[in-house]
Amino acid sequence: MKEMFQKIKYFDNLSEEKLNALSLISKVRKFNSKDILFYEGDEPNCLYYLISGSVKVLKQQGNLKQVFVTSFNSGIFIAETTMLEDICYPATIEAETDIETIEIDLARFKNEFLSDNATLLAMVGSLSKKIVRLMLSFERETSNSVEVKISKYILSHEDNLVNIKHKDIAFELNTTQETLSRVLKKFKKDGILEKTNPITIANRCKLCGHSSQ
């Protein structure tokens, strides 16, 4: 475990003694796509570091419908706010792909590492990365046009479009599959897309123009 932590930028300032102590309260844990790491409102007992893959952040609405908030890729902590504040898990985290994590005992981590400046800087660094991602998601959600939302989504997931199902795109954009299909067909007719399933970009300049409207 210690060798793994040494390769993670957030931990490279920890002393040998701290790295050894951290290794004793941590383990590698893998999840399959669609697995739930934890549910919103659960009592927190673990802090996660995402080694590989991506996760979805889901929030519960009053009508019990789960709403997609954003997704995060590897290189960030998951649920670090529960370490900084005495709260339950603030959202549901679902594996978007097969993922590998480091699972850290939260109570022991708080007791043994929270007073360490290097650890606090690591938390701030991870949170800063998340804030940027959340701002992009907020910008997309507040776009007036569903075409703008879909354009931005396609551009931000350009490298992985072949692996994303239409129903997942619709869910993440909080729209219907019918609306998504209609817009994709329009984009193909306008020469923006070459194919709609899997989504294949034909004219990136036109797509960028749509996303900036």
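This is a guided tour of the chain, stop by stop, for a reader with the structure open in a viewer.

**The whole chain**

Begin with everything displayed, and keep in mind throughout that this is a predicted model. The chain contains 9 helices and 10 strands, and its C-alpha trace extends about 60 × 35 × 30 Å along the principal axes. Of the 213 residues, 42% are buried. If you switch to a surface, the chain exposes about 11,400 Å², and carbon and sulfur atoms supply 50% of that area. Colouring by charge brings up 29 positive and 29 negative charges, whose mean positions lie 8 Å apart. Among contacts between residues at least 6 apart in sequence, 69% join residues at least 24 apart.

**First sheet: β1, β8, β3 and β6**

Select residues 26-31, which form β1, and then add residues 99-105, which form β8. These two strands run antiparallel and are joined by 6 bridges; to see one pairing in detail, display Lys27 together with Glu103, its bridge partner in β8. From here, bring in helix α4, residues 106-113, which packs on the sheet and touches both β8 and β3 (46-52), its direction making about 60 degrees with that of β8.

Now show the sheet as a whole: it is open, has 4 strands in the order β1-β8-β3-β6, and pairs in the antiparallel sense. Which strands stand at its edges? They are β1 and β6 (77-78), and because each has a single partner strand, one side of each is left without a neighbour in the sheet.

**Second sheet: β2, β7, β4 and β5**

Move next to the other open sheet of 4 strands, ordered β2-β7-β4-β5 and likewise listed with antiparallel pairing. At its edges stand β2 and β5 (66-73), each with a single partner strand, so one side of each has no neighbour in the sheet. Neighbouring strands here are turned by 30 degrees against each other on average, with direction ignored.

Within this sheet, centre the view on β7, residues 92-95. On one of its flanks, β2 (residues 36-38) is joined to β7 by 2 bridges in an antiparallel arrangement, while β4 (residues 54-60), also antiparallel to β7, is joined to it by 4 bridges. Selecting Ile93 makes both pairings visible, since Phe38 stands opposite Ile93 and Val57 stands opposite Ile93 as well.

In a regular strand, side chains alternate between the two faces of the sheet. Are the two faces of β7 covered or uncovered? Both are covered, with Thr92 and Glu94 buried on one side and Ile93 and Ala95 buried on the other.

To finish with this sheet, follow β4 across to β5, with which it pairs over 7 antiparallel bridges, and display Gln60, which stands opposite Gln66 in β5.

**Two buried helix residues**

Select Met123, which belongs to helix α5, residues 117-141. Its relative accessibility of 1% falls under the 20% limit, and Met123 therefore counts as buried. Leaving aside neighbours within four places in sequence, Met123 is in contact with Phe77, Glu80, Met83 and Phe109. A distance label is also worth drawing to Ile76, which lies 47 residues away along the chain, with its C-alpha atom 9.0 Å from that of Met123.

Then go to Lys2, placed in helix α1, residues 2-6. Lys2 is buried, with a relative accessible area of 19%, and its contacts beyond four places in sequence are Glu16, Leu19, Asn20 and Ser23.

**Backbone details in three loops**

Select residues 193-196 and 199-201, strands β9 and β10, which run antiparallel and are joined by 3 bridges. A hairpin of 2 residues links them, and Thr196 has Ile199 as its bridge partner. Pro198 sits in the loop between these strands, and the peptide bond leading from Asn197 to Pro198 is cis, with omega near 0 degrees.

Two further stops are residues other than glycine with positive phi. Lys34, in the loop between β1 and β2, has phi near 85 degrees and is partly exposed, at 46% relative accessible area. Asn174, in the loop between α7 (166-172) and α8 (177-189), has phi near 55 degrees and is partly exposed, at 32%.

How values were computed. Residues are numbered from 1 along each chain as its sequence is written. This is a predicted model: local features need pLDDT of at least 70, side-chain atom pairs count only at pLDDT 80 or more; totals for chains, interfaces and linings use all residues. Side-chain values use heavy atoms; hydrogens and water are left out. Two strands pair if DSSP finds at least two bridges between them. Contact means heavy atoms within 4.5 Å. Axes are lines fitted to C-alpha atoms, for helices over the stretch in contact, and angles run from 0 to 180 degrees between N-to-C directions. Buried means under 20% relative accessible area, exposed over 50%, partly exposed in between (1.4 Å probe, protein chains only). Accessible areas come from the Shrake-Rupley method with a 1.4 Å probe; for residues, only the protein chains shown count as cover. Lys and Arg count as positive and Asp and Glu as negative; His and the chain ends are not counted. The place of a charge is taken as NZ of Lys, CZ of Arg, CG of Asp or CD of Glu.
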